[in-house]
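Trainee: Could you take me through one part of this protein slowly, with the helix packing as the starting point? I'd like to see how the pieces around it fit together.

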Amino acid sequence: TAVHNFCAVDLSAFYFDIRKDALYCDRPDDPRRRAARTVFDQLFGCRTAWLAPIICFTAEEAWQFRHGRGEAEAWTDSVHLRVFPAVPQSWRDEALAAKWNKVRDLRRVVTGALELERASKRIGASLQAHPKVFADGAYIEALQGIDLAEIAITSAATLQHGAPPAGAFALP
């Protein structure tokens with residue numbers, strides 16, 4: 001269940017969603033695209049190992065497709081000959097996780113408002129929107145160095161300190 005939720009919520013609904021433009025549109029040598037590919041490589045190694053005991057044939061097929069059979073080291077011949085990858089303890093960063101939880105909260109507000117705009121036929125795609133997001137200091141601080149428009153997949157986004165105007169879409 002934990003692996004499924006990680007794949008569906010953290011990866012598919014968030015990370016893959018915001019990184020697909022970098023993969024499809026950025027130059028092959030662009031640092032953002034290369035960083036995403038590095039993350040994908042690490043994810044592939046971990047997920048195939050974690051899932052191998054549960055979905056044996058699918059994990060093996062994915063591993064073989066990625067690595068093939070050839071002159072590689074023996075441990076790469078099969079996903080089932082590997083041990084679970086050691087995840088460095090330094091990858092666990094509670095402060096960074098708290099920051100990204102705030103960023104994801106802001107993204108949820110934007111996507112919720114976009115759904116209302118789509119339903120009322122005022123926009124078709126999220127890239128037709130330029131949301132204005134009102135937030136307090138902690139959320140604004142969390143977005144330092146992050147492009148909200150990229151995270152929300154909109155053409156632009158404005159972040160303002162303070163309470164939203166009456167009638168604006170809001171989440172607790």
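Mentor: Happy to! One definition before we start: a helix axis here is a line fitted to C-alpha atoms over the stretch in contact, and the angle between two axes runs from 0 to 180 degrees between their N-to-C directions. Please also keep in mind that this is a predicted model.

Let's take helix α4, residues 94–119, and its partner α1. Their axes are 13 Å apart, and the two helices pack at an angle of about 75 degrees. Angles of 65 to 115 degrees count as roughly perpendicular, and α1 and α4 are therefore roughly perpendicular to each other. On the α1 side, V9, D10, A13, F14, D17 and I18 make the contact, while α4 brings W100, R104 and R107. Sorted by class, this contact has five nonpolar and four charged residues, and no polar ones.

Now look along α4 itself. This helix has 26 residues, and from its first C-alpha to its last it reaches 37 Å, close to the 38 Å expected at 1.5 Å a residue. At the N-terminal end, D93 acts as the cap: one of its side-chain oxygens lies 3.2 Å from the backbone nitrogen of A95. Buried residues of α4 are V103, R104, L106, R107, V110, G112 and L114. Notice that R104 and R107 are in this buried group and also take part in the contact with α1. The cover over the buried residues of α4 includes α1, along with β1 (132–135), α5 (137–142) and α6 (148–152).

Just beyond α4 comes K121, with a positive phi of about 65 degrees. Most residues other than glycine have a negative phi, and K121 is a residue other than glycine with a positive one. K121 is found in the loop between α4 and β1. With a relative accessible area of 72%, K121 is exposed.

A second positive phi makes a nice companion to that. I153 has a phi near 55 degrees and is found in the loop between α6 and β2 (158–161). Unlike the exposed K121, I153 is buried, with a relative accessible area of 15%.

Back to α1, because it has another role to play: together with α3 (56–67), α1 is included in what covers the buried residues of α2. Those buried residues are R33, A36, L43, F44, G45, C46, T48 and A49. α2 runs from residue 31 to 51, and its 21 residues reach 30 Å from first C-alpha to last, close to the 30 Å expected. Its N-terminal cap is D30, with a side-chain oxygen 2.8 Å from the backbone nitrogen of R32.

Two residues help you picture α2 among its neighbours. L51 lies in α2 and is partly exposed, at 21% relative accessible area. Leaving aside neighbours within four places in sequence, L51 is in contact with V3 and A59. The other residue, R66, has its place in α3 and counts as partly exposed at 44% relative accessibility. R66 touches D41 and F44, not counting residues up to four places away in sequence. R66 and F44 are 22 residues apart along the chain, with 9.2 Å between their C-alpha atoms.

Methods:
Residues numbered from 1 in each chain as written. Predicted model: local features only at pLDDT ≥ 70, side-chain atom pairs only at ≥ 80, totals over all residues. Heavy atoms only, no water. Helix = DSSP H or I, 4+ residues; strand = E, 2+ residues; numbered from the N terminus. Expected span 1.5 Å × (residues − 1). Buried < 20%, exposed > 50% of the residue type's maximum accessible area, 1.4 Å probe, protein only. Contact = heavy atoms within 4.5 Å. Polar contact = N/O pair within 3.5 Å; in protein donor to acceptor, adjacent residues only side chain to side chain. Parallel < 35°, antiparallel > 145°, perpendicular 65-115°, else oblique. Nonpolar A, V, L, I, M, F, W, Y, C, P; charged D, E, K, R; others polar.
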